[in-house]
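Visitor: Please take me closely through one part of this model, the stretch where confidence is poor. Then show me how the rest compares with it.

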Amino acid sequence: MSIVSCQELSLAYGVHALLDRASMSLEAGERVGLIGRNGSGKSSLLRIIAGTESPDAGELRRQQGLRLVYVAQEPQLQGFPTVFDAVAEGVAEARALRQRFEAHASGEDLDALQTRIELLDGWNWEQRVQEVLQRLGLEPGAEVAALSGGQQKRVALAQALAASPDVLLLDEPTNHLDLDAIQWLEQLLAGFRGSVLVISHDRAFIDAVVTRIVELDRGVLRSYPGNYAAFEQRKARELADEALAQARADKLLAQEEEWIRRGVEARRTRSVGRVQRLQQLRQQRAQRREALGSVRLELDRGEASGRMVAELQGVSKAFGDQQVVRDLSAIVLRGDKVGILGPNGAGKTTLLKLLLGDLAPDRGTVRQGSRLQVAYFDQMRAALDPEATLADTISPGSEWIEIGGARKHVSAYLGDFLFPPSRARSPVKSLSGGERNRLLLARLFARPANVVVLDEPTNDLDMDTIELLEQLLQDFPGTVFLVSHDRRFLDNVVTSTLAWESAGSWREYEGGVEDWLAQRQRVAQAAAASSSSSAAASVGASASTGASGSAPVTQPASAPRAAAAAGTRRKLSYKEQRELEQLPARIEQLEQEQGELTRRLADPALYRDQPQLVAAMRARFDAIEQELGAALQRWQDLEDLGAPG
């Protein structure tokens, strides 16, 4: 059943309409991803649905009594001294009603007040706030002003969840969140019982969360079932069909224009109907809104650097009591594309500065290669002067720039990044977040470089530009250092990963995020299995002590891992051989059950129709994780135990 419906919405700023008689609906329990180009009107649509902005025309219908909460791209938490105060704002109505009831204000209908308070669960609002704070790992007494961007985003989400909404409207919720926080948000939204409408450029996040894609393209909303991967395939076919249809229409228009311009003889046979059709074709062509052009990215590669770009030997760095890097050794060669992963505050920027020689280590040595030309993309956009014009930002004091030895006018170069010539003299402060990121990329790529450092480059960029940036970095022959929480972007670009393990500890992995996650999971499973085996061995040792209290002098037969580690090899017993033969089928069965649970937990109908099953299914999913890890470890142990010495 539709709980939110937009009918024939129109909204215009400037020449083109952001919404051009656009329509969509949101069903109960579904999770919808809203995507589109920067500046296409996604945030405006979200604000219209939230009721904070009005369309020029059209109708918005919402189910009566619907509780809807909007979380803006940048959290609005000014005026709240502590985290508890900010989150408690999510239950402001319930608090106010309860205060009025307890004050026994004259003239109040106490029965009506009580009914409304019970509907909002207002008697227990303090408990609700505390539960949300605990669930999101937030400290109630922490000062809001001292929080990082990622922590403030958590507080804004906590405020929304405390309200127990029926609909969550989220605008770029993964901005400023680290990888662990993004995965936590994915799990939270997968278990959310209400409906979700989310704007995001993070393709992996969209794939993991949504059940339907709605694209805002040239003022029109189009719906696509499934996740982003399914949308990409269908959209490619649609664009090809649209291009073919437009080519046919242009050909017909050209033929009719040629006919109408013929000499006197042709005009004698002129058909009134044919002239009217020509006028109609001209009108359709004038009204057609072409697909927006793509950013044209080209990086001035500069001269080649030396083979070695950076070498760290036993490097450590601390700020006061905080150890940021401890005893790190690594070598980066020309052409390496290195991803740097870690939670907010782990020291990723410090590590970058050590690698580039901008910061001296407390201990160890750092050696830089020769002929390094570094281009740095700063996520805080500190390199941009808000008062400068776009043209001066790219080429101060000149109307021309050189890219790869070729001379180009600055307006034409800005056009490659989708800035029309009319905006070349506009100030930077007039740009949106996505436009500022595009301008920073334009400035970065206008300078010769053989080492590119990108710190969260995908924030506020649309998916098309992100994919073009991926391609550019893949083809770039120089060295890339990339800090990002966009998993798909990292996986498509980097060849190795420097990942934060614990305070000051960094470890290098081959491959991208998926490779790192797989290796980390295997290590965790092995550690859990080892702990379980140790506990079993300890219990066995205690039992064999018996009444005499003497300790056993032989290793228990129930510890094959210890035997394998000691280099012992023997023939498996009949029981062990049978167990080894049955383990693959058991592992396959567990994986199939886990896959089915994953499918069911991703279905919004489950949370709407059978919410009582969700907790048990999640518990079973977690249990399967443990069983799988133990089964895989047992399989390896038995194979090691029975292997020929």
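Guide: Start with residues 542-569. Here pLDDT, the predictor's confidence in each residue from 0 to 100, stays under 50. The model has 23 contacts (heavy atoms within 4.5 Å) beyond four places in sequence for this stretch. This is a predicted model, where local features need pLDDT of at least 70, side-chain atom pairs count only at pLDDT 80 or more, and totals for chains, interfaces and linings use all residues. Residues are numbered from 1 along each chain as its sequence is written, and side-chain values use heavy atoms, with hydrogens and water left out.

Now look at helix 19, residues 560-565. Among the elements of the chain, helix 19 has the lowest mean pLDDT, 38. Strand 7, residues 195-199, has the highest, 95. (Helices are DSSP runs of H or I with at least four residues; strands are runs of E with at least two; both are numbered from the N terminus.) Residues 264-270 also stay under 50. For them the model has six contacts beyond four places in sequence. Over the whole chain, the mean pLDDT is 79. In all, 81% of the residues reach 70 or more.

Next, the inside. The largest nonpolar core holds 47 residues. (Such a core joins buried Ala, Val, Leu, Ile, Met, Phe, Trp, Tyr and Cys through side-chain atoms within 4.5 Å; buried means under 20% relative accessible area, with a 1.4 Å probe and protein chains only.) Leu-136, Leu-168 and Leu-189 have the most contacts inside this core. Helix 6, residues 149-162, gives the core its largest share, seven residues. Leu-168 touches Leu-189, and its other partners include Val-69, Phe-192 and Val-196. A second, separate core has 45 residues, among them Leu-179, Leu-414, Ile-466 and Leu-472.

Last, the hollows. There are two cavities of 30 Å³ or more. (A cavity is a set of points on a 1 Å grid over the protein atoms alone, where a 1.4 Å probe fits but cannot get out; lining residues have an atom within 4 Å of a point.) The largest contains about 70 Å³ of space. Its lining has 13 residues, and Thr-174, His-201, Asn-459, His-485 and Asp-486 lie nearest its centre. Two lining residues are nonpolar, eight polar and three charged. The second largest cavity contains about 50 Å³. Its lining has six nonpolar residues, no polar ones and one charged. Strand 11, residues 322-333, gives the largest share of that lining, three residues. Leu-355, Leu-498 and Glu-508 are among the lining residues too.

Definitions and conventions: Buried < 20%, exposed > 50% of the residue type's maximum accessible area, 1.4 Å probe, protein only. 1 Å grid on protein atoms, 1.4 Å probe; cavity = no way out; pocket = protein on both sides within 12 Å on 5 of 7 lines; lining within 4 Å. Points joined across faces, edges and corners; volume = space filled by probe spheres on them. Nonpolar A, V, L, I, M, F, W, Y, C, P; charged D, E, K, R; others polar.
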